[in-house]
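Student: I would like a close look at one part of this model, namely the sheet and the helices that pack against it. Could you take me through that part slowly, and say along the way how far the prediction can be trusted?

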Amino acid sequence: MGPMSNVPTAANGEQRPLQAGEEPAAVFVSGIAHDFNNIVTVIAGTAQLIELRSGSGDPAGRLARNIIEATNRASVLVADLLSFNRKRAMEPAQADLNTVVGNAGRFVERLIGERISLEMALGGEALPVSIDAYQIEQVLLNLAANARDAMPYGGRIMITTKCVEVKDAADGEAETRPGRYAVLTFADNGAGMDVETRNRIFEPFFTTKKDGRGTGLGLAMVRSIVEQNLGTIAVSSEFGEGTCVVLRLPLRRD
């Protein structure tokens, strides 16, 4: 895993002058991302060496693999932050939503802990979408983190997928164009939200978490990822009644 590209710092690590159209805050965030990714690269490289030198069945090898997977996701998080920080051209990608969601289940389970049960009901047909698999995983992990915090004493998360065909605005949200969509639903039976909170959840840096435990970027990143891939996101929640997030991503035609 190499350092992130397109980071506005000089080759020697010194901050370079602002380019036309750039804001100081954007350069500052990108510089932090560059330094963070360098640290992650060292951690990943060390873990890879440990894995290579570990014998079959060696617990150290399995732990090293967990570290490598975590650093891969940290690198993706940096990319998402840069993407949110400034619009960038999205690389063409393709993934089957069912396959990615199914594989991501183990990461979600590790994140939410033993007090929260995870149930998944994935549609029977393939759901090819034009989105990178890591982005789907990042969306799921951000939603899972919020659901976990809303259920400190335990609860249930339900993830479902299906295919729907939208013929007109009456079939879905007004901004959804006619066509076939992969629908991902993420629901929990946690504390839910009041109207004021629900209206602000996608605002960058807005958080209800105390003591600096939240950055307020999680759901803003989720919406950014979905919209960059021509999808839509809708959230329904009532205080004390849990939260349901519905994502729609256009299906590939090829």
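Tutor: Since this is a predicted model, it helps to begin with pLDDT, which is the predictor's confidence in each residue, on a scale from 0 to 100. The protein chain has a mean pLDDT of 78, and 74% of its residues reach 70 or more. Among the elements, confidence is highest in strand S2 (residues 116-121), at a mean of 96, and lowest in helix H2 (residues 59-85), at 77. Over residues 1-22 the value stays under 50, although the model has 37 contacts beyond four places in sequence for that stretch.

As a setting for the sheet, the protein chain holds six helices and seven strands, and along the sequence these follow the pattern α-α-β-α-β-β-α-β-β-α-α-β-β. Of its 254 residues, 39% count as buried. Among contacts with a separation of 6 or more, 72% join residues that lie 24 or more positions apart.

The part you ask about is an open sheet of five strands, in the order S2-S4-S5-S7-S6, with mixed pairing. Its edges are S2 and strand S6 (232-237), each of which pairs on one side only, and the twist from one strand to the next averages 15 degrees. Starting from the S2 edge, S2 and S4 are joined in the parallel sense by six bridges, and within this pair Leu118 stands opposite Ile157 in S4. The pairing of S4 with S5 is antiparallel and extends over 10 bridges, with Ala182 in S5 as the bridge partner of Cys163. At the other edge, S6 and S7 run antiparallel and are joined by six bridges, one partnership being that of Ile233 with Leu247 in S7. Helix H6 packs on the sheet here, where it touches S6 and S7, and its direction makes about 140 degrees with that of S6.

Helix H3, for its part, lies across S2, S4 and S5, and runs at about 175 degrees to S2. H3 also has a helical partner, H4, and a pair of packed helices is described by the angle between the axes and the distance between them. For H3 and H4, the axes come within 9 Å and cross at roughly 35 degrees, and the crossing is right-handed. On the H3 side the residues that meet H4 include Leu97, Val100, Val101, Ala104 and Phe107, while those met in H4 include Ala133, Ile136, Leu140 and Ala144, together with Glu137 and Arg148.

The sheet and these helices come together in the largest nonpolar core, which has 38 residues, and those with the most contacts inside it are Leu97, Val129, Ile136, Leu140, Ile157, Ile159 and Phe186. Two or more residues each are given to this core by helix H3 (97-112), S2, helix H4 (133-149), strand S4 (155-166), strand S5 (179-188), helix H6 (218-228) and strand S7 (243-250). Ile136 offers a useful single view of this packing, for, leaving aside residues up to four places away in sequence, it touches Ala95, Leu97, Val100, Val101, Val129 and Ile131. Ile157, which is among the core residues with the most contacts, is also the residue that faces Leu118 across the pairing of S2 and S4.

How values were computed. Residues numbered from 1 in each chain as written. Predicted model: local features only at pLDDT ≥ 70, side-chain atom pairs only at ≥ 80, totals over all residues. Heavy atoms only, no water. Helix = DSSP H or I, 4+ residues; strand = E, 2+ residues; numbered from the N terminus. Contact = heavy atoms within 4.5 Å. Core = buried A, V, L, I, M, F, W, Y, C linked by side-chain atoms within 4.5 Å. Buried < 20%, exposed > 50% of the residue type's maximum accessible area, 1.4 Å probe, protein only. Pairing = 2+ DSSP bridges. Axes fitted to C-alpha atoms, helices over the stretch in contact; angles between N-to-C directions. Left-handed = near helix turned anticlockwise from the far one by under 90°.
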